[in-house]
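Dear colleague,

I am passing the structure on to you below, and my notes on it follow. Please read them alongside the coordinates.

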Amino acid sequence: MAGAGTTAAAAFLAGCSKSSTPPSSGGGTTTPPPQDVPDNDILNFALNLEYLEAEFYLRAATGSGLSSTDALSGAGTVTGGAAVQGFSTAMQQYAVEIAQDELNHVRAIQETISKNSGTPVARPNIDFTNAFNALAAAAGIGSSFDPFSSPSAFLVGAFVFEDVGVTAYTGAAPAITNTDILSAAAGIQAVEAYHAAEIRTLLVGMAATNKDQTYVNYANQVSALRGKLGGGNETMLSVSSIVAADTTNAIAFARTTDQVLHIVYATAPGAGVKSGGFFPNGLNGSISTTAS
Amino acid sequence: MANTETKQLDSIISSRRALLTLGGAALAGLAFAPRAEAQSAVSDTDILNFALNLEYLEAQFYNLAVSGVTIDKLPTPIPVSVNGAAAGTVTLKPSFMKVPFALPPIQAYAMETAIEEGKHVSFLQGALGTAAVSMPDIDLYNSFNALAMVAGLGSSFDPFASDATFLIGAYIFEDVGVSAYHGAAGLIKDKKTILPAAVGIHAVEAYHAGLVRTSINALDAGTGTLNTITQKISAARSMLANPSSASTTTYTGSKADDIGLTTTMVSLNGTSASYSSSTIVDCDSNSIGWGRTTSQVLAIVTGTDPSATSHKGVFFPSGLNGNIK
């Protein structure tokens, strides 16, 4: 991988599309066509989601989040998150791996935007505490939910993010005009799908070991809620249903940026939503307000 | 021969580990560097047919594992001969039997994957219509033995023998499928229909790979027995896809593009590598999945050099059908 030169990359990336026009409307279908949006806007949208995931896993694995260097100048605050107690050795290693992956994604996307003559956005305000409580209430899990309270709860928290990340990249990647950036986005999409499968496999595995389906049921309640907010695009989790994909062709779901925003903002479909849920002050960048 | 190869594999593994310990920051300058290989223009039809060959292979493997029959003999058959072209044959060990699964979850995963890979075959056949190719000859017997030799696993390997060997067999395919769709994505010209579908299948292959790798790691349970096998397979794939342009004995693994299941130390948000991490995800040091050119994928599935003018062998003894072969 390291063989190709950065000079070549820089020269190639210099000619890429740049952020200049506003995003088009997101559409509302379950299998959306690619949107006509500048690559850097898409990358900044993805960067917000990677900040969210990186903060979640870093805090779960280590108790502290992104460094001020990684969060960039002018970064917002993060509410909630703590080292999960009671991880087995294997679970700790899983959490560490995903934390490192999401941190690397933050850095890689920042770097790519800069090389593409754009400006990476700083970390927006992120709220885990209130968002997970609100999500639990809306999903019918209960009035509060702390994903940092136990290994099982952590897996449900991870479940909230991973499949959404996959659908976001699956939806956004085809819209990317630069071939190298498309390739990188596909590479990140794959990593998110590995994570998603890992989390789903661990959830059913842990349920089998403990002879307790509680947390798989929570995950499916979360899935139902995501489906309501994000245009369907969900597959129930069970031992015989690990992959999230459409039942006809076994192709992963793609979500529009609007559908992703409604999930992370924890709001019902509709135009003009610009904040809520995990992002109390909205995303940073030009893709932050729903068009539908 | 085997000794030399084993040494090369060891060097690939250790250099890969060395690379990992450098951490993301040290390699940040390399982020998103484009692949050096240039590919001649290929049509979307060529790419989809290339994918169809790989999906035939995966669908046959999983359906044989769970049902004991080829996909054209399933209760709801999936055709292997389309558009009037004869299908190839599937070579299996004498007295082949489906996998005697002892672990219900593994059997359930196998069944799910079998169904999904079958759907990929049907989808691609439908998308290609009159341009779809038939199934080429597929070898699921001598192929695994040959690969076992290359990987330094011994003279034979039967993926249909047990839950564990089935998972290893699945491991051989899934990460390759991910890297193949990844590499092909940038070549696709139809960005409105074909690219989204390819990107969606790519994600499903990565789900499968994540499922298989998580399951193997759980079954390994810290003993290293299965994980060591995955390291050797990953090293073999890496070597097949990136042979040294000079003597094979000088191969250093600098282009290694695969990692097996192991543990490695990472630094996370600190400055020293003090956290033990798993390697469930098959990705580079920037946590980006690897993409492979069609030539590299052909090299892995046929055991040939990526630069060969035609690729035949291992899983595809007569080569692939279509224009990318």
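A residue is called buried here if 20 or more other C-beta atoms, placed from the backbone, lie within 10 Å of its own, exposed if 12 or fewer do, and partly exposed in between. By that criterion, 61% of the 292 residues of chain A count as buried.

This is a predicted model, in which local features need pLDDT of at least 70 and side-chain atom pairs count only at pLDDT 80 or more, while totals for chains, interfaces and linings use all residues. Residues are numbered from 1 along each chain as its sequence is written, and chains are lettered from A and ligands numbered from 1 in the order in which they are written.

With helices (H or I, at least four residues) and strands (E, at least two) taken as DSSP runs numbered from the N terminus, chain A has 9 helices and 2 strands, in the order α-α-α-β-α-β-α-α-α-α-α.

Taking two residues to be in contact if their C-beta atoms, placed from the backbone, lie within 7 Å, the contact between the chains takes 69 residues from chain A and 67 residues from chain B. On the side of chain B that touches chain A, α6(B) gives the largest share, 18 residues. By class, that side has 36 nonpolar (Ala, Val, Leu, Ile, Met, Phe, Trp, Tyr, Cys and Pro), 9 charged (Asp, Glu, Lys and Arg) and 22 polar residues (the others, Gly among them).

Within chain A, 67% of the contacts between residues at least 6 apart in sequence join residues at least 24 apart.

Best regards
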